[in-house]
Structure formats: structure tokens, C-alpha cells
Amino acid sequence: MRLVFAAIALTLAAPALAAPAPKVATASFAQLKTPLPLPYDEKADAKAQVAAARARAKAQHKLLLIDLGGNWCLDCRLLAATMELPELRGFLAKHYEIVTVDVGRFDKNLDIAAKYGLNGHFGGGVPSVLIVDPKTDSLKNAGRTAALADARSLSPQALADWLASWTK
């Protein structure tokens, strides 16, 4: 069992010197408010939303977090519900400008993912979370964008830790 947790920790590992994650009181996803949110606007102009979020992130000296997913995806909805927890919401607002992008069934807005080097099913599914430096428009978490695609195998605290790990 320890080896499993060690493997997960290594998979989710990110750069050191990050801001410490807030402590999440919710111990399991079963405790999240239901129904789970439907975070992806299927009719949104995703390119415009990403551009506006990047401009805000740059102006406010925050990171840009692009959440690629679909409302059909349980892991996407668990991530969204976890990000809405009060103890995490404030932390995320301080460090990130967040934009959700609906990718349908991997048939919508794929140009946004491709811009940051993701193709097809993004190398592991959704949610695929892109952490972008808005000044350079470069991906900070290359090779780790699908780390939360199996979010249900983690805990709310593990998700918070991963999200915090990219902040500096």
C-alpha cells in the first residue's frame, strides 16, 4: 500500500518552493456537495475566454490554469467540486486565473490543447490541466497535464496539493 502512495506522490510531484496548499477538511469525494458541478460551458467561445483569462493572469501576476474537460467526465466534475471548496477557492483565486474549456468528446477546442503541445486524447484523458505562464504563454507542467485524469483515485487534499505545487 505504501508503494502505491509513493508512486502516486512521484507521479504528482511538481517543482519545489511552491506555496503550501491549504488544508482541506473534506476527506473524501463522497462528502462533496451534490449534484457535482457541470463546469464546462459547451457553447462558450473558448478561444476568447482563454485569451481574456491570460490577459487577466498577466496583469495580476498570476498563473493561468486551463481546465480541459467535459461535463460527461466524473473526474472533471470531481476536480471542479474540489476547486469550489471554500478553503481551496481563495487559495486558487490568489494564485491562478482559471478558465474551463469544453473539449466535447475530444472533438471541440482541440486547437487550444494543441497550442500547448497536447494532441488526440491529451496523453491520458481529461481533465487535462494546463498550468501556463501568462508572460511567456508557455506550459509549466509539460508531461504532467493529465495527472488529474484519474482524480477519483486521489483525495481532495491530494488534488489541492497538486494544484498548489505549481505556484511560486
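In which helix is K58 found? Keep that in mind while you get your bearings. The model is predicted.

**Whole chain**

Show the cartoon first. The protein has 6 helices and 4 strands. Along the sequence they run α-α-β-α-α-β-α-β-β-α. Colour by burial next: of the 168 residues, 49% count as buried. The exposed surface is about 8,600 Å², and carbon and sulfur atoms supply 57% of it. Now turn to contacts between residues at least 6 apart in sequence: 75% of them join residues at least 24 apart.

**Stop 1: helix α2**

Select residues 46-59, which make up α2. K58 is found in this helix. Check the geometry: at 1.5 Å a residue, the 14 residues should span 20 Å, and the end C-alpha atoms are 20 Å apart, so the two agree.

Show side chains. A46, V50, A53 and A57 are buried. These four cover an arc of only 65° around the axis, so they sit on the same side of α2. An α-helix has 3.6 residues a turn, so residues three or four places apart point the same way.

What covers this buried side? Select β1 (63-69), β2 (96-102) and α5 (110-115); they are among the elements that cover the buried residues of α2. Rotate to the face turned away from the buried side. There you find the exposed residues K47 and A59.

Step just past the helix. H61 takes a positive phi of about 55°.

**Stop 2: K58 and its partners**

Go back to K58. K58 is partly exposed, with a relative accessible area of 45%. Add P134 to the selection. The two residues are 76 apart along the chain, yet their C-alpha atoms are separated by 5.2 Å. Beyond its neighbours within four places in sequence, K58 is in contact with P134 and K135.

**Stop 3: D137**

Move to D137, in the loop between β3 (128-133) and β4 (138-139). Is D137 buried or exposed? Its relative accessibility is 17%, so D137 counts as buried. Cut-off to remember: buried means under 20%.

Now select R54. The side chains of D137 and R54 are joined by a polar contact of 3.5 Å. Expand the selection around D137. Outside its neighbours within four places in sequence, D137 is in contact with R54, K115, Y116 and V132.

Check the backbone here too. Phi of D137 is near 55°, a positive value in a residue other than glycine. Most residues other than glycine have a negative phi, and most peptide bonds are trans.

**Stop 4: aromatic pairs**

The structure holds 2 aromatic pairs. Select W72 and F106 for one of them. This pair is edge-to-face, 6.3 Å centre to centre, with 65° between the planes. It links distant parts of the chain: W72 lies in the loop between β1 and α3 (74-83), F106 in the loop between β2 and α5, 34 residues apart.

Compare their burial. W72 is partly exposed, with a relative accessible area of 38%. F106 is buried, at 17%.

Then select W162 and W166. Their ring centres are 5.7 Å apart and their planes lie at 70°, so this pair is edge-to-face. Both W162 and W166 are buried.

Return briefly to F106 for its backbone. Phi of F106 is near 65°, a positive value in a residue other than glycine.

**Stop 5: Q157**

Select Q157, in helix α6 (residues 156-164). Q157 has 19% relative accessibility, so it counts as buried. What does its side chain meet at P22? A polar atom of the Q157 side chain lies 3.1 Å from the backbone oxygen of P22. Show the rest of the surroundings. Leaving aside neighbours within four places in sequence, Q157 is in contact with A21, P22, K23 and V24.

**Stop 6: two cis peptide bonds**

Finish on the backbone. Select T34 and P35: the peptide bond between them is cis, with omega near 0°. P35 is in the loop between α1 (2-12) and α2. Then select V126 and P127. The bond from V126 to P127 is cis, with omega near 5°. P127 lies in the loop between α5 and β3.

Terms used
Residues numbered from 1 in each chain as written. Predicted model: local features only at pLDDT ≥ 70, side-chain atom pairs only at ≥ 80, totals over all residues. Heavy atoms only, no water. Helix = DSSP H or I, 4+ residues; strand = E, 2+ residues; numbered from the N terminus. Buried < 20%, exposed > 50% of the residue type's maximum accessible area, 1.4 Å probe, protein only. Polar contact = N/O pair within 3.5 Å; in protein donor to acceptor, adjacent residues only side chain to side chain. Contact = heavy atoms within 4.5 Å. Expected span 1.5 Å × (residues − 1). Arc of directions from axis to C-beta. Areas by Shrake-Rupley, 256 points an atom, 1.4 Å probe, with all protein chains shown as cover. Phe/Tyr/Trp six-rings, centres within 6.5 Å; stacked < 30°, edge-to-face > 60°.
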